[in-house]
Amino acid sequence: MMRIIPLSSPDITNRERKAVLDVLKTRTLSLGPKLREFEERFAEYAGRRYAVGVNSGTSALHLTIRALGIGQGDEVITSPFSFIASANCILYENATPVFVDVEEGTLNIDARKIEEKITKKTKAIVVPDMFSHPIDWDVVLRIARKHNLKVIEDSAEALGSSYKRKRCGGFGDASVFAFYANKQMTTGEGGVLVTDDKNIADLAKSMSNQGRRVENGKWLEHVRLGYNYRISEMQCAMGIVQLQRIQEIVRKRKRVARLYTKKLQGIPGLELPVVESYADISWFVYVVRLSKSFSRKQRDTIIAAMARKGIQCSAYFQSIHLQPFYRVLFGYKKGDFPIAESASDRTIALPFFNNLKEQDIDTVVQSLKKFV
Ligand SMILES: *Cc1c(COP(=O)(O)O)cnc(C)c1O
């Protein structure tokens, strides 16, 4: 049987297993002490006053949009090159996503192009830190302040990264993290919203729990429209351990990234990830790009050839504006955001996880060399 080198793999130890089993010995499987502890620890880690644990990063984004009162008729600036949730959360509330093309190096929103997209209707900006790389926050926050925009920081890929020595998740009016199994830390599914604004935290908390009151809430009294976006005690127990291990996790990811960067140096036709001097990266993924002489089809052929060798790679990400339903809703077409499109034609995410062996890294590098 062919040995598989997977694209990603969660790093779960006996500590996580024991923590989950301990919860299963109790009668409280939701809304209990593990949620409170996870929120307290997470807020402290992120350097924020409040944390609200929920069932996914997408839920945390949705609650942020709602808590900020963004809705019909409002415009929200965001990136066309991201995981789709960072734009969808704007659509959930019938506001309009306004895309600003990314910049070539980091694939983050090009801050120089933000102001030309601001109108009287612009209420906020959703900023994803793409592939763990922080945007130039000083610039973004200056623009937001000048135009009185709310900032929603999508740090789903940036747990453990920092900008000028300050942790990602510390810049937005609210910031979100996500804990799907391929993220730096995982709870299986899960997410969290962090903020220093009590009003945002309370609204998000209430809406995540069917609109119940946050303090002394009655189970069958609902004071606003809410959702069931709750995260279970088992997930929180797992999250507490993963968070305690975050430094170890980031250290392991930096090791893998360092090895890739060393071994992939100087391969013609291959561009390696850019890291700006202001950034410290926790490496959600390791994404290389083929040079511009390659077509999308050639890229896909390389990914398929790697797969036949048991090496799982992926094309990260596809431009949001060209997703079928965005084309239908907004009439977007090829050429609207050329840098995002060019990147999505040329990216290859390589197998990347904490315990990836050097020998497997060598296998990936050898195959990539051969096929490129
Ligand atoms: C993973 C991710 C999310 C959402 O995460 P889920 O927990 O899967 O809902 C949001 N934004 C970005 C940029 C992500 O990478």
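This note goes through the ligand site, one sheet and two backbone details of a predicted model.

1. Where the ligand sits. The ligand occupies the second largest pocket. The residues that surround the ligand come from several stretches of the sequence as numbered: Ser56, Gly57 and Thr58, then Ser82, Phe83 and Ala85, then Asp154, Ala156 and Glu157, and finally Ala178, Lys183 and Gly190.

2. Make-up of the shell. By class, the residues around the ligand comprise 4 nonpolar, 5 polar and 3 charged. Among the shell residues are Phe83, Asp154, Glu157 and Lys183.

3. Polar contacts of the ligand. Two neighbours in the sequence, Gly57 and Thr58, approach oxygen atoms of the ligand in separate ways. Gly57 uses a backbone N or O atom, at 2.8 Å from a ligand oxygen. Thr58 uses a polar atom of its side chain, and the distance to a ligand oxygen is 2.5 Å. Lys183 also takes part through its side chain, where an N or O atom is 3.0 Å from an oxygen atom of the ligand. On its own the ligand has 380 Å² of accessible area, and the protein covers 91% of that.

4. An open sheet. Three strands form an open sheet in the order β10-β12-β13, and their pairing is antiparallel. The edges are β10 (270-271) and β13 (347-350); each has a single partner strand, so one side of each is left without a neighbour in the sheet.

5. The pairing of β10 with β12. How many bridges join β10 to β12? There are 2, and the two strands run antiparallel, with β12 spanning residues 286-290. Within this pairing, Leu270 is placed opposite Leu290 of β12.

6. A cis peptide bond. The bond that leads from Tyr316 to Phe317 is cis, and its omega is near -25°. Phe317 belongs to the loop that connects α9 (296-308) with α10 (324-330).

7. A positive phi. Ser132 is not a glycine, yet its phi is positive, at about 75°. Where is Ser132 found? The residue lies in the loop between β4 (122-128) and α5 (137-146).

Key. Residues are numbered from 1 along each chain as its sequence is written. This is a predicted model: local features need pLDDT of at least 70, side-chain atom pairs count only at pLDDT 80 or more; totals for chains, interfaces and linings use all residues. Side-chain values use heavy atoms; hydrogens and water are left out. A residue is near a molecule or strand if one of its heavy atoms lies within 4 Å of it. A polar contact is a pair of N or O atoms within 3.5 Å; within protein, one must be able to donate a hydrogen and the other to accept it, and residues adjacent in sequence count only if both atoms are side-chain atoms. Accessible areas come from the Shrake-Rupley method with a 1.4 Å probe; for residues, only the protein chains shown count as cover. On a 1 Å grid over the protein atoms alone, a cavity is a set of points where a 1.4 Å probe fits but cannot get out, and a pocket is an open set with protein on both sides within 12 Å along at least five of seven lines; lining residues have an atom within 4 Å of a point. A molecule sits in a cavity or pocket if more than half of its atoms lie within 2 Å of its grid points. Ala, Val, Leu, Ile, Met, Phe, Trp, Tyr, Cys and Pro count as nonpolar, Asp, Glu, Lys and Arg as charged, and the others, Gly among them, as polar. Two strands pair if DSSP finds at least two bridges between them. Helices (H or I, at least four residues) and strands (E, at least two) are DSSP runs, numbered from the N terminus.
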